[in-house]
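I opened this entry to keep a record of what I looked up, in the order in which I looked.

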2 protein chains.
Amino acid sequence: MGAPDRGPQTSARKRADARRNEQSLLEAAATAFLAAGVDVPVRDIAARAGVGVGTIYRHFPTRADLVVAVYRHQVEAAAEAGPTLLAASDTPYAALTQWIDLFVDFLVTKHGLAEALQSDDAAFEALHAYFLDRLVPVCARLLDAAATTGEVRPDVAAYELMRGVGNLCIGAGRDPRYDARRLVELLIAGLRP
Amino acid sequence: MGAPDRGPQTSARKRADARRNEQSLLEAAATAFLAAGVDVPVRDIAARAGVGVGTIYRHFPTRADLVVAVYRHQVEAAAEAGPTLLAASDTPYAALTQWIDLFVDFLVTKHGLAEALQSDDAAFEALHAYFLDRLVPVCARLLDAAATTGEVRPDVAAYELMRGVGNLCIGAGRDPRYDARRLVELLIAGLRP
DNA sequence: GGGGCAATCGGAACAAGGTTCCGCTTGCTT
DNA sequence: AAGCAAGCGGAACCTTGTTCCGATTGCCCC
């Protein structure tokens, strides 16, 4: 196998203008996501970046590709935090709750991301896949460790838990009466045997 | 105060054709929701009912009005089941879990309803309002009773719980690996003191 | 340095769905 | 039976996603 395909944002060998545009798009998208959520119209991102819509589709065929590119660093950081927390915490359960906290923080601060993550829109399939592929194994490791010490029931799958947590984060921040963090805490509490 | 406004579906005094159309629309919408979810295109519902789109908007200004009209009976039934279960169950906690089960069953069998319930789309605001106005007090009563007997912690608001349960139902039935009922059970388990 | 070509670009054009609006039809009253 | 207001239908318009192709331009080679 040759060099791994690391996605559009690393652009092995492209024309200079193409690389420049990709960078502008990434920055424009990050700003636009912050201002108007991950559902911001494609035209708005294109306008912000000063390119045509065709250019967006060329670099990021689906919206999910753009979202993944924008948040990749943070997802990687979350993935790496799993083992770190496990090593540093008193008990696996403590590591699990801290890690889930991290994940919740990430989701609730990204307007519309939790919604997109659960959406059945085909445009978000790759988003779903990336998040889950990257984070479910990390969660599974924490969950297994906590199950081994008997701190949580052993019959809950990491996939299901992650989806549940993601779901609970939907709409967080839109209504002061709804505190996603609290509900996630309840869910995690319900994990005890 | 005079006769209460019971919404468009009861049509105090309208022309015969108007009442007929309203009925057709309700039936067409129920079928369409079943077949294609509550997000089915307005044009499809109109076609099914054999009316123009203008007629839909005249009778049901927002999609939420139509959804509420279609599911009103079932929501009322759920609301009435609250006190009934409380009276019939051994403990308030048992009544609460049974009632939540009922609610979850309702949501997971209505394609897209849970999503719509949490959506921030303005078209669904009235849906949100109706469900919450009608069901939160019922849930609050069950929750209070269970808190009084010490079966659940007293610091969880019915509103928050309902939103949480609704959120967990999002995407149920789209993925066999995700079992909304199970996660709701965990959440309810986390309610114990 | 400049020619040529393939990569890349821009944005017009098309599709889909929501919403509005108004000329026409028709039920109901008298 | 006539008249009129309630009600109807659907064309037209808006927003947003997506495709496509003629125009542009970076880059390689001479």
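**Helix α9 of chain A.** I began at the start of α9(A), where a side-chain oxygen of D179(A) reaches to within 3.0 Å of the backbone nitrogen of R181(A). I took helices as DSSP runs (H or I, at least four residues), numbered from the N terminus. The model is a predicted one, in which local features need pLDDT of at least 70 and side-chain atom pairs count only at pLDDT 80 or more, while totals for chains, interfaces and linings use all residues. Residues are numbered from 1 along each chain as its sequence is written, chains are lettered from A and ligands numbered from 1 in the order in which they are written, and side-chain values use heavy atoms, with hydrogens and water left out.

I then asked which residues of α9 (residues 180-189) of chain A are buried. They are A180(A), L183(A), V184(A), L186(A), L187(A) and I188(A), where buried means under 20% relative accessible area, with a 1.4 Å probe and protein chains only. I noted beside this that an α-helix has 3.6 residues a turn, so residues three or four places apart point the same way. The buried residues of α9(A) pack against α5 (92-108) and α8 (158-168) of chain A, and also against α8 (158-168) and α9 (180-189) of chain B; contact here means heavy atoms within 4.5 Å.

**The two copies.** Next I looked up how the chains are related, and found that chain B can be laid on chain A with an RMSD of 0.1 Å by a turn of 180 degrees and a shift of 0.0 Å along the axis. The two copies are thus related as by a two-fold rotation axis. The superposition is by least squares on the C-alpha atoms of residues with pLDDT of at least 70 in both copies. Of the interface residues of chain B, 100% are also interface residues in chain A, so the copies meet through the same surface.

**DNA strand D.** I went on to the residues around DNA strand D, of which there are 24, and R43(A), R63(A), R15(B), N21(B) and T55(B) come nearest; a residue is near a strand if one of its heavy atoms lies within 4 Å of it. Of the strand D atoms within 4 Å of the protein, 56% belong to sugar or phosphate and the rest to bases. For polar contacts I used pairs of N or O atoms within 3.5 Å; within protein, one must be able to donate a hydrogen and the other to accept it, and residues adjacent in sequence count only if both atoms are side-chain atoms. A side-chain N or O atom of R63(A) is 2.7 Å from a phosphate oxygen of strand D, and a backbone N or O atom of V42(A) lies 2.9 Å from a phosphate oxygen of that strand. From chain B, a polar side-chain atom of H59(B) lies 3.4 Å from a phosphate oxygen of strand D.

Which helix gives the largest share of the surface near strand D? I found that it is α3(B), with five residues.

**DNA strand C.** I repeated the search for DNA strand C, which 24 residues surround, the closest being R15(A), N21(A), R58(A), R43(B) and R63(B). Sugar and phosphate account for 56% of the strand C atoms that come within 4 Å of the protein. A polar side-chain atom of N21(A) lies 2.4 Å from a phosphate oxygen of strand C, and a backbone N or O atom of A16(B) lies 3.1 Å from a phosphate oxygen there. A base is also reached, since a base oxygen of strand C is 3.4 Å from a side-chain N or O atom of R15(B). The largest share of the surface near strand C, five residues, comes from α3(A).

**Cysteines.** How many disulfides are there over all chains? Taking a disulfide as a pair of cysteine sulfur atoms within 2.5 Å, I counted zero. The sulfur of C169(A) is 13 Å from the closest cysteine sulfur, in C139(A), which is too far for a bond; C169(A) is buried, with a relative accessible area of 3%.

**Two buried residues.** I closed with E22(B), which lies in helix α1 of chain B and is buried, with a relative accessible area of 3%; its side chain makes a polar contact with the side chain of K14(B) (2.7 Å). G37(A), in the loop between α1 and α2 of chain A, is buried at 2% relative accessible area.

Notes:
Buried < 20%, exposed > 50% of the residue type's maximum accessible area, 1.4 Å probe, protein only.
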